[in-house]
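Here's a protein model to wander through. Could you walk me through its hollow spaces and then through a pair of its helices?

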Amino acid sequence: MDSENDVYDDMNLYITQENFIVEPNGQNELLIIGRLDKVTRVQAKTTQLTNLRPTRRICGILGSIHLLSCDYLLVATHRIFVGVINNTIVWRLAGYDIIPYIPNAIQRSENEEYLSMLRKTLDTKFYYFSYRYDLTQTLQRQRELSAKSRGAGLLQRADVRFVWNNYVLQQFRCEKMERFQLPLVLGFVSINQVQINGQTFFWSIITRRSVERAGTRLFCRGSNDLGHVANFVETEQIVEFNGQHTSFVQTRGSMPFYWHQLPNLRYKPRPCLVPGKDHLAACAAHFNEQIQIYGQQVAVNLVDQKGAEGELEATFARLVRELGNTSVRYEAFDFHHECRKMRWDRLNILIDRLAHEQEDFGFYHAFDNGNLVSTQTGVFRTNCIDCLDRTNVVQSMLARRSLTAVLQKLGVLHVGQRVEQASNNFESIFKGVWADNADLVSLQYSGTGALKTDFTRTGKRTKAGALNDGKNSLIRYYLNNFADGVRQDGIDLFLGNYKINENEGSILPSPLMAQRGWRYFAFPSVLLIAVAMFIITMTYPAEFNTENLLFMLFWGAMIAVSATGILHYGVEFVQWPRLFPLISFQPA
């Protein structure tokens with residue numbers, strides 16, 4: 001690997017009235033960012049730092065973003081060691097700073113809400129990076145691109161689908177900037193040194209969340225016109241042993257046509273197709289891109305086959321039939337129906353159905369000296385309604401089956417031996433890592449940890465796990481209805497989907513000043529007063545009489561009427577995104 005293109009990992013940041021100056025330790029060049037003219041340049045180090053003392057030490061440049069009347073520099077300040085993969089350290093982002101180009105109290109006040117959105121996005125667990133290893137590319141893609149990308153910087157050879165700070169890094173227009181640009185991946189990384197049958201090897205999971213159609217659970221569903229789907233995630237399982245490395249890749253993503261499930265205060269809003277859209281074109285665009293990147297596709301659909309989910313399942317099945325693409329096969333499995341009454345052993349029915357194709361797809365296998373043994377020729381693209389809980393359970397089972405084949409091929413397992421039988425210690429690690437993967441992917445999309453992780457962790461469904469699922473479901477309900485609007489705005493701002501207009505709040509109305517209808521204020525006010533009066537009427541008098549009973553009935557009726565009104569007009573009480581409003585209301 002060419003160390004001349006490594007990103008700098010240890011730098012001093014100098015802040016003067018005119019410039020930000022970044023000094024890589026032990027190097028003879030400087031990155032100079034003009035705070036006034038915003039010009040970025042890389043210069044040889046001569047006398048620029050004379051009489052200057054560094055303001056702070058940093059471990060990465062994350063980018064620059066323009067807000068109202070001011071630009072801001074984003075830097076990584078703290079990192080946590082994750083592990084070593086392919087002889088390269090992988091880190092987790094543990095701290096950052098957002099520094100204004102022009103420190104002006106008025107500008108900071110104007111941008112306070114935008115900065116809060118940015119921080120909420122950057123505080124998402126977890127971002128990962130490496131100064132040398134390309135976390136955005138699978139091992140197979142790295143090999144395919146190695147000749148083309150020789151001499152290119154880490155950002156320049158990265159898969160932009162998975163670079164979360166690509167937009168803010170692109171704000172630097174400067175030659176020789178490559179070694180200062182640190183790409184971030186949002187997802188999950190776990191690197192483990194393990195032992196089976198006396199053989200030691202590294203087993204790793206890298207999960208990458210796509211920036212294309214990125215968003216939160218109920219505000220981002222289905223596909224867009226380009227075939228990019230919500231919650232698209234690529235997961236790679238890597239084994240390194242005795243000068244060899246293998247890779248097995250799976251994907252997940254929302255059903256690739258136009259549908260939505262907008263929050264309305266109901267516990268489970270009804271998902272439905274978006275009328276008037278060309279669903280087949282979106283589905284075709286999605287699978288054409290997937291085939292080009294990954295090869296053959298088996299679309300494993302785990303949604304219910306009855307009710308509202310059933311309508312979506314029937315649509316997906318019909319669209320795949322109409323595609324008539326021999327590289328795409330559709331496999332439906334009603335997870336909840338098949339595994340009802342905690343019969344999760346029935347998942348083996350699905351795994352058996354996929355076994356033949358899993359053997360055909362194989363896995364990537366190469367030696368460190370470059371000799372290629374095999375490649376992976378297709379992927380399983382799994383989805384449920386959220387592409388979280390059910391999806392992760394099935395993906396972990398497919399990963400275990402692939403791992404058995406890999407370790408047998410490498411000689412770690414004996415012929416006929418299965419990985420789950422070979423080592424209780426490794427089996428515990430395997431289950432824990434896949435459950436952690438489920439929790440992180442779920443946290444990034446829905447705001448809570450995953451459901452059904454008791455099965456992933458223990459191999460069986462438990463009543464304690466069901467109770468924990470109930471708690472997470474209630475938290476999801478609150479977040480998806482009352483907190484995800486701001487989270488969606490933060491994602492759109494950080495990814496550059498929304499670009500701030502200098503005239504906001506003056507010539508143009510500010511999108512942050514969202515209009516609300518009269519019901520938004522009236523119904524909750526009436527409900528609070530009614531509840532307070534009902535409690536007072538019930539507790540205050542020493543004894544009940546007819547008058548008190550009538551008061552209680554009246555305020556009880558007011559509680560019922562106002563609560564019914566809130567549920568009936570539920571969409572008006574949801575916290576909606578403001579940068580790209582999905583719905584508008586008449587002002588009060």
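Let's start with the empty space inside: this predicted model holds three cavities of 30 Å³ or more. The largest cavity contains about 100 Å³ of space. If you want to find it, look for Lys120, Thr121, Thr124, Tyr127, Trp164, Leu186, Arg209, Gly215, Gln444, Arg487 and Ile491, which line it. Two helices, α2 (112-122) and α14 (484-494), each supply at least two residues of that lining. Sort the lining of the largest cavity by class and you get four nonpolar, four polar and three charged residues.

Next comes the second largest cavity, with about 60 Å³ of space. Its lining includes two histidines, His228 and His286, along with residues such as Arg161, Glu212 and Glu289. Here the split is two nonpolar, five polar and three charged residues.

Now hop over to a helix pair. Helix α15 covers residues 518-539 and helix α16 covers residues 546-568; their axes come within 8 Å and cross at roughly 155°. Angles over 145 degrees count as roughly antiparallel, so that is how α15 and α16 lie relative to each other. Their crossing is left-handed.

And who touches whom? On the α15 side, the residues in the contact include Phe523, Leu527, Val531 and Phe534, while among those on the α16 side are Phe551, Trp555, Ile559 and Ile566. Counted by class, this contact of α15 with α16 has 18 nonpolar and five polar residues, with no charged ones.

How values were computed
Residues are numbered from 1 along each chain as its sequence is written. This is a predicted model: local features need pLDDT of at least 70, side-chain atom pairs count only at pLDDT 80 or more; totals for chains, interfaces and linings use all residues. Side-chain values use heavy atoms; hydrogens and water are left out. On a 1 Å grid over the protein atoms alone, a cavity is a set of points where a 1.4 Å probe fits but cannot get out, and a pocket is an open set with protein on both sides within 12 Å along at least five of seven lines; lining residues have an atom within 4 Å of a point. Grid points are joined across faces, edges and corners, and a volume is the space filled by probe spheres set on the points. Helices (H or I, at least four residues) and strands (E, at least two) are DSSP runs, numbered from the N terminus. Ala, Val, Leu, Ile, Met, Phe, Trp, Tyr, Cys and Pro count as nonpolar, Asp, Glu, Lys and Arg as charged, and the others, Gly among them, as polar. Axes are lines fitted to C-alpha atoms, for helices over the stretch in contact, and angles run from 0 to 180 degrees between N-to-C directions. Angles under 35 degrees count as roughly parallel, over 145 as roughly antiparallel, 65 to 115 as roughly perpendicular and the rest as oblique. A crossing is left-handed if the near helix is turned anticlockwise from the far one by less than a right angle, and right-handed if clockwise. Contact means heavy atoms within 4.5 Å.
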